[in-house]
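Reader: I'd like to walk through a model with you and learn how you read its features. Where do we begin?

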Amino acid sequence: MSSTMQEIEALADGLDIAKVVELVRIAETAERYEDMCIFVKKLVKLKAAKGEDLDVDERNLLSVAYKNVVGQARSSWRTLNAGFDDCDQD
């Protein structure tokens with residue numbers, strides 16, 4: 001794990017659920033979806049430790065975070081794949 005990811009995880013340590021949700025929203029606003037995933041993961045762990053389920057809004061935040069991370073990866077893969085296809089045709 002990179003030091004930046006560790007720093008981001010450390011940012012959420014010791015915070016209550018409301019503050020972690022706030023960090024998730026800030027990451028979403030900044031379009032930092034990888035960071036958003038880290039904060040959502042922390043949120044899920046906090047809720048699970050209390051025996052609580054995610055509410056509808058929290059589930060939507062989880063969906064947005066992972067959908068965007070996966071979407072970015074898929075887009076990169078398509079770009080690379082198209083480049084290799086062009087090379088094969090030459």
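Author: Let's begin with how the elements get named: helices and strands are DSSP runs, with at least four residues for a helix and at least two for a strand, and they are numbered from the N terminus. Keep in mind that this is a predicted model.

Reader: Fine. How many helices and how many strands does the chain have?

Author: Four helices and zero strands. Going along the sequence, you read the pattern α-α-α-α.

Reader: What about overall shape? What radius of gyration does the chain have, and what would a compact globule of 90 residues have?

Author: The chain comes out at 17 Å, whereas a compact globule of 90 residues would be near 12 Å. The C-alpha trace spans about 60 × 30 × 25 Å along its principal axes.

Reader: And what share of the residues counts as buried?

Author: That's 23% of the 90 residues. As for contacts between residues at least 6 apart in sequence, 61% of them join residues at least 24 apart.

Reader: Let's pick one helix. How do I judge the length of H3?

Author: Compare its reach with what you'd expect at 1.5 Å a residue. H3 has 17 residues and reaches 24 Å from first C-alpha to last, close to the expected 24 Å.

Reader: Which residues of H3 are buried?

Author: Here's the general idea first: an α-helix has 3.6 residues a turn, so residues three or four places apart point the same way. In H3, the buried ones are Tyr-33, Asp-35, Met-36, Cys-37, Ile-38, Phe-39, Val-40, Leu-43 and Lys-47.

Reader: Take Phe-39. Why does Phe-39 count as buried?

Author: Because its relative accessibility is 5%, and the cut-off for buried is under 20%. Phe-39 sits in helix H3. Skipping residues up to four places away in sequence, Phe-39 touches Ile-8, Leu-11, Ala-12, Val-20, Leu-23, Val-24 and Ala-27. Leu-11 is 28 residues away along the chain, with 9.2 Å between the two C-alpha atoms.

Reader: Now Val-40, also in H3. What does Val-40 contact beyond its neighbours within four places in sequence?

Author: Val-24, Leu-61, Leu-62, Ala-65 and Tyr-66. The relative accessible area of Val-40 is 1%, so Val-40 is buried. For a contrast in distance, try Asn-81: Asn-81 is 41 residues from Val-40 along the chain, and their C-alpha atoms are separated by 31 Å.

Reader: Is a charged residue such as Glu-58 buried or exposed?

Author: Glu-58 is buried, given a relative accessible area of 6%. Glu-58 belongs to helix H4. With its neighbours within four places in sequence left aside, Glu-58 contacts Ile-17, Val-21, Leu-43, Lys-47 and Asp-53. Two of those names, Leu-43 and Lys-47, you've already met among the buried residues of H3.

Reader: On to the loops. Where does Glu-31 lie, and what is its phi?

Author: Glu-31 is in the loop between helix H2 (17-29) and H3. Its phi is near 55°, a positive value in a residue other than glycine. Glu-31 is exposed, because its relative accessible area is 57%.

Reader: Which residue just after H3 takes a positive phi?

Author: Gly-51, at about 75°. Gly-51 is in the loop between H3 and H4, and with a relative accessible area of 67% Gly-51 is exposed. If you want a ruler across the fold, Gly-51 and Asp-13 are 38 residues apart in sequence and 19 Å apart in space, C-alpha to C-alpha.

Reader: Last topic, pockets. What is the volume of the largest pocket?

Author: The general trick is that rolling a probe the size of a water molecule over the atoms shows where empty space is left. Here, the largest pocket has a volume of about 150 Å³. Its lining is made of Met-5, Glu-9, Glu-34, Asp-35, Cys-37, Ile-38, Lys-41, Tyr-66 and Val-69. Helix H1 (3-12), helix H3 (33-49) and helix H4 (56-89) are the elements that each give two or more residues to that lining.

Reader: Which helix gives the largest share, and how do the lining residues divide by type?

Author: H3 gives the largest share, with five residues. By type, the lining has five nonpolar residues, no polar ones and four charged ones.

Key: Residues are numbered from 1 along each chain as its sequence is written. This is a predicted model: local features need pLDDT of at least 70, side-chain atom pairs count only at pLDDT 80 or more; totals for chains, interfaces and linings use all residues. Side-chain values use heavy atoms; hydrogens and water are left out. On a 1 Å grid over the protein atoms alone, a cavity is a set of points where a 1.4 Å probe fits but cannot get out, and a pocket is an open set with protein on both sides within 12 Å along at least five of seven lines; lining residues have an atom within 4 Å of a point. Grid points are joined across faces, edges and corners, and a volume is the space filled by probe spheres set on the points. Ala, Val, Leu, Ile, Met, Phe, Trp, Tyr, Cys and Pro count as nonpolar, Asp, Glu, Lys and Arg as charged, and the others, Gly among them, as polar. Buried means under 20% relative accessible area, exposed over 50%, partly exposed in between (1.4 Å probe, protein chains only). Contact means heavy atoms within 4.5 Å. The expected span of a helix is 1.5 Å times one less than its number of residues. The radius of gyration is taken over C-alpha atoms; the globule rule is 2.2 Å times the number of residues to the power 0.38.
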